[in-house]
Amino acid sequence: MERFYSLLLWLYPRDLRRRFAGDMRRTFRDLLERERDRGAAALLALALREAWQIFADALGERLRRVSRGRIGPFLESLARDVRLAARGLKAKPGLTAVVVLTLALAVGANTSVFSVVHAVLLQPLPFPQPEQLVTIWEDRTARGGSAKEWMEWPVLQELKQRTDVLAAAGVYELRTGALNLNGPVSGKSASNPAQASQEAAGSQVSTIQAAVSGQVGSGPLQVVAADVSAGFLEALSLNPLMGRWFLDPTEDRPGAPNLVLLSEELWKTSFASRTDIVGRKISLDNREATVIGVLPPVPIPDLQEADLWMNLRARQRSYPLGHFTLRALGRLKPGITLQSASQQLNEALAGAAQKDGRLGGIAIRLLPLTQELQPQTVRQGLMLMLLAAGCLLLAGCANIAGLLLGGVLSRRPEMALRSALGGGRARLLRQVVTENLLLALLGGAGGWTVAWLSGSLLLELAPPGLLPPQVSGTSALQANWPHLHPSAALFALALSIMAGLLFGILPALHLSRWPASALSSSRKALARPGHPRLRAALVAGQVSLALLLLVASGLLVRSFSRLIQVDLGFDPRGRVAFHLDTPDQAQAQRLLQELPAALRHEPAIRQAALVAPLPLGGSDTDVDVAALPPSQQAEFPQKLRHGPVWYRRVSGGYFQAMGIPLLAGRALDEADLRLQRRVAVVSQETAHFFWPGQSPLGRRLGTGELTVEVVGVAGGVRHNGLRQSPRPEIYVPATMLPDGAIDVVVHSSLTPQDVHKLLREHLSELAPSTALSPPVSLQDLAQDALLLHRFLTVLTSAFAVLALLCALLGIASALTSQVQGRRGELGLRLALGARRRHLFTGVLARGLTLTAAGMLLGWALSVLLSEVVAAKLGGVLFRTTATDEMTYGLVSLLLAAVSLAASLIPAWQASRTDPLQTLRE
Amino acid sequence: MDGKDPLRHLPLTPQVFHILLSLLDDDLHGYAIIQEVNKRTGGRVKLGSGTLYAAIRRLLEAEMIEESDHRPPAEQDDERRKYYRITEFGRRVAAAEAERLAELVDQATEKELITRLHPASSKTD
């Protein structure tokens with residue numbers, strides 16, 4: 001990168017370069033050093049920023065020098081050049097249109113991709129000093145667990161007490177369920193906001209009523225709550241719009257009063273932006289909570305949905321060891337690197353493990369928050385898109401250079417004449433360069449328009465969550481599609497100027513070299529095709545780039561087709577889920593036992609069951625589970641193999657309702673729920689994990705304070721997306737851990753709305769206080785997992801098709817101009833008895849030779865690149881190697897067919913040559 | 001040098017003003033200026049090498065700064081780096097800019113756009 005920087009410095013006039021270049025390089029090296037730790041995206045951002053600054057500064061400096069004393073004549077001759085250039089372009093509308101269109105598509109593609117990259121990867125996170133933010137994970141590989149496990153509360157406490165590397169740290173937990181805001185309020189709530197505010201004038205403790213509106217059906221307003229500990233918001237440095245953070249430790253312990261921070265949106269929509277909200281009480285699930293502030297949107301994907309924030313441990317929960325439900329986030333103290341922090345944290349934990357054996361075998365893993373917010377697949381996918389768009393631009397430039405070289409034909413007499421009339425070489429060169437730059441700018445403007453027009457299409461295709469959330473106070477990123485960002489405009493401009501120079505340089509050099517003496521040569525000599533070998537090389541280059549893009553798109557299509565064939569482990573078709581939340585314990589109990597059966601009696605419903613948490617629902621619950629020998633009952637054995645296992649609370653009929661195969665034993669049934677039997681069904685992964693090669697039926701498992709007996713084995717389910725294999729899982733009767741927050745899964749042929757109506761009817765009988773969410777189709781949930789891949793595949797394929805078109809156009813135009821230049825020769829050959837068939841096949845062979853050369857180059861390039869791709873971008877592919885033979889074969893065939901098609905017309909023209917006419921010319 | 005009018009150079013761009021501010025206490029080299037500005041503004045103003053040296057050139061031309069022969073202690077010194085020092089004229093320009101800004105703030109305060117805890121001190125040293 002330093003070499004690139006040194007090259008850029010050549011843009012400066014010599015005296016400045018002598019005086020400052022060394023110093024600037026030194027400074028740049030320091031900047032690089034600083035950014036190196038922050039990953040490739042930060043480095044790229046730095047490079048782009050520096051390149052742009054130097055380009056602009058050097059250009060400005062040079063313009064200043066040029067204009068000093070002779071600005072008038074300079075502008076005058078510039079205006080003349082531009083006028084001449086415009087006239088020249090107007091004279092060849094066809095060529096101009098093709099060039100501008102090609103460039104518009106290429107620059108447009110690049111600008112679109114750049115906009116997404118800019119919005120996703122290059123924008124700094126909207127927190128102060130985001131590079132100090134880290135997510136904190138437990139690495140439990142030493143204990144047979146995963147390398148990235150959520151945090152246990154006591155572990156984080158040890159870390160905070162024993163080390164001094166974290167300026168602040170806290171955890172959050174997403175509730176699987178929603179809360180009922182302002183449900184059936186017990187006690188002294190006011191019935192309308194006006195009354196509430198009147199009462200409030202006298203007392204600070206009156207409960208106020210939210211204006212409940214805009215929800216599905218009637219009933220209480222469901223709000224999504226996130227529980228956060230003290231320290232979490234401090235770590236983010238996210239200041240409340242009003243009010244304050246939770247205080248440590250008084251408000252962050254079991255038994256502390258219920259406190260709540262409202263999201264800005266909830267505050268506006270349901271509390272009419274009341275400025276006196278702080279200190280008021282609201283009713284949540286029939287319990288009072290005091291509002292302590294209003295928070296701006298929290299730009300972390302998991303937490304964007306949250307309507308309100310509660311103090312984590314106030315709900316009498318102690319979060320003992322073995323509960324992996326907390327996600328931890330911390331801010332490193334200034335000057336502390338990730339490495340030294342993680343080393344100190346691990347040493348501290350090892351120290352703690354000597355006192356408390358239960359902490360042994362756990363390592364701490366710190367990941368920059370940036371990385372967490374930009375998953376590897378997204379980063380790699382976008383880099384791949386940038387590469388693909390870059391290839392397309394190169395292919396476009398090669399194509400245009402070829403076309404312009406062809407166009408040179410008609411310009412030779414003009415240039416020779418101007419040269420003879422005294423036009424100096426520099427002057428002629430400038431004229432040609434102006435013409436090319438004008439073309440480039442037209443193309444750039446077109447590209448900008450293409451990017452602008454394709455914006456909504458891209459937004460539609462882009463998977464939700466790819467583009468960063470809008471943050472109040474900073475630029476409204478998502479509201480205005482990011483390509484409106486000025487830097488994307490600059491990017492398009494810089495790109496098109498670069499392209500103009502790139503495709504213009506060959507024709508320019510060629511034309512300006514045409515000496516005045518050429519005037520004396522015959523028209524025939526002037527009309528000979530220029531540089532056939534150069535054009536051939538350009539065509540071969542285009543073919544190789546098209547091959548690269550086609551291979552990339554082919555590999556993505558193959559991955560995609562394999563991805564959609566992945567067995568989720570359940571059948572999402574025709575399954576709809578609803579989230580239920582019943583604050584009333586008695587009603588919750590009734591709902592757990594009776595709702596599925598009641599629904600099953602409906603003729604249109606095939607199967608219905610309850611589950612928490614919902615598969616693919618985004619949140620899962622881990623517990624430490626250990627296999628128990630038959631003799632042991634509730635003892636939690638340290639020495640036995642154990643690891644975090646997902647558990648799900650389900651009702652009878654769950655496996656049928658989801659279409660999960662039952663492999664052995666029996667499923668859980670209504671009686672298990674009613675009698676609260678200590679039984680469980682395990683997934684085959686769990687069975688394999690604890691009892692490899694043996695039958696798990698009749699064995700016992702310990703989950704913290706409970707032990708259960710295994711009665712069945714079910715197939716594994718991919719909960720964490722299609723790319724990850726199923727994880728161990730156990731299913732227990734929903735009544736074993738009674739809780740009113742649960743999902744109901746319904747398998748039927750009805751529309752989701754009809755199911756919703758039916759469900760509401762049953763709920764009003766069984767558990768009227770239940771809040772019911774809108775329907776979620778499991779099919780949609782399953783497809784969400786495919787969206788990013790679809791986005792990448794569609795984009796790359798579109799680029800590949802454009803590159804293929806470029807190659808087609810390039811081959812056709814190169815051959816046509818060749819045929820036209822060789823008309824005399826062809827006519828002579830015909831006159832001497834050559835067969836037209838031979839002329840025809842001769843041109844075809846020429847086209848295929850060009851293509852073959854290009855394909856060889858393309859293969860060589862892609863083999864070279866495939867190693868890089870496999871290493872850097874392998875995460876994008878799925879069960880497909882970067883050297884997939886099938887893809888290469890098909891792509892090569894396609895290219896051959898296209899080149900054959902492109903050669904047909906020139907070949908036909910060659911075979912139609914009229915010998916008499918050509919010989920007479 | 002004293003014959004020059006600081007007001008002719010106003011208003012300063014924020015970058016130029018920040019560079020002058022960073023040189024008030026100490027002679028610094030390029031990267032140190034970037035760091036100082038970054039630190040003082042809590043990361044809000046990020047200078048790149050291109051912007052920095054464009055500003056330095058202009059400041060040298062206007063004689064607001066000069067190359068310094070002052071060297072830090074030998075162990076911290078780096079022969080390859082040029083150090084820059086603010087000139088007396090540079091101080092006067094920076095002070096004039098600060099006064100101009102203070103005046104603006106005063107006017108905004110009068111219009112009750114913002115509230116200020118302390119009345120503006122009219123001198124910035």
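Okay, so β13 and β21 of chain A: these two strands run antiparallel, and 6 bridges join them. Keep in mind that this is a predicted model. For orientation, β21 covers residues 741-748 of chain A, and β13 covers residues 605-612. If you want one pair to click on, take Leu610(A), whose bridge partner in β21(A) is Val744(A).

Now, how enclosed is β13(A)? Of its 8 residues, 6 are buried, so the strand is largely enclosed by the rest of the structure.

Let's move along to the helix, α21 of chain A, residues 752-766. That's 15 residues, reaching 21 Å from the first C-alpha to the last, and the expected figure at 1.5 Å a residue is 21 Å, so the two are close. Which residues of α21(A) are buried? You've got Val755(A), His756(A), Leu759(A) and Leu763(A). Those four span an arc of only 100 degrees around the axis, which means they sit on the same side of α21(A). That pattern is easy to follow if you recall that an α-helix has 3.6 residues a turn, so residues three or four places apart point the same way. Turn to the other side of α21(A) and you find Gln753(A), Lys757(A), Glu761(A) and Glu765(A), which are exposed.

And what lies over the buried residues? The cover of α21(A) includes β21 again, along with β12 (575-581) and β22 (771-772), all three from chain A. So β21(A) turns up twice in this talk: it is bridged to β13(A), and it is part of what covers the buried residues of α21(A).

Next, where chain A meets chain B. There, 16 residues of chain A are in contact with 15 residues of chain B. On the chain A side, α2 (14-36) and α3 (40-67) each supply at least two residues. Which element gives the most? That's α2(A), with 9 residues. By class, the side of chain A that touches chain B has 6 nonpolar, 6 charged and 4 polar residues.

Last stop, chain B itself. Here we have an open sheet of 3 strands with antiparallel pairing, in the order β1-β3-β2. At the edges stand β1 (28-29) and β2 (65-68), each with a single partner strand, so one side of each has no neighbour in the sheet. Between β1(B) and β3(B), residues 83-86, there are 2 bridges, and the strands run antiparallel. The pair to look at is His29(B), which stands opposite Tyr83(B) in β3(B).

That's my tour, thanks.

Technical notes. Residues numbered from 1 in each chain as written. Chains lettered and ligands numbered in written order. Predicted model: local features only at pLDDT ≥ 70, side-chain atom pairs only at ≥ 80, totals over all residues. Buried ≥ 20, exposed ≤ 12 C-beta atoms within 10 Å, placed from the backbone. Pairing = 2+ DSSP bridges. Contact = placed C-beta atoms within 7 Å. Nonpolar A, V, L, I, M, F, W, Y, C, P; charged D, E, K, R; others polar. Expected span 1.5 Å × (residues − 1). Arc of directions from axis to C-beta.
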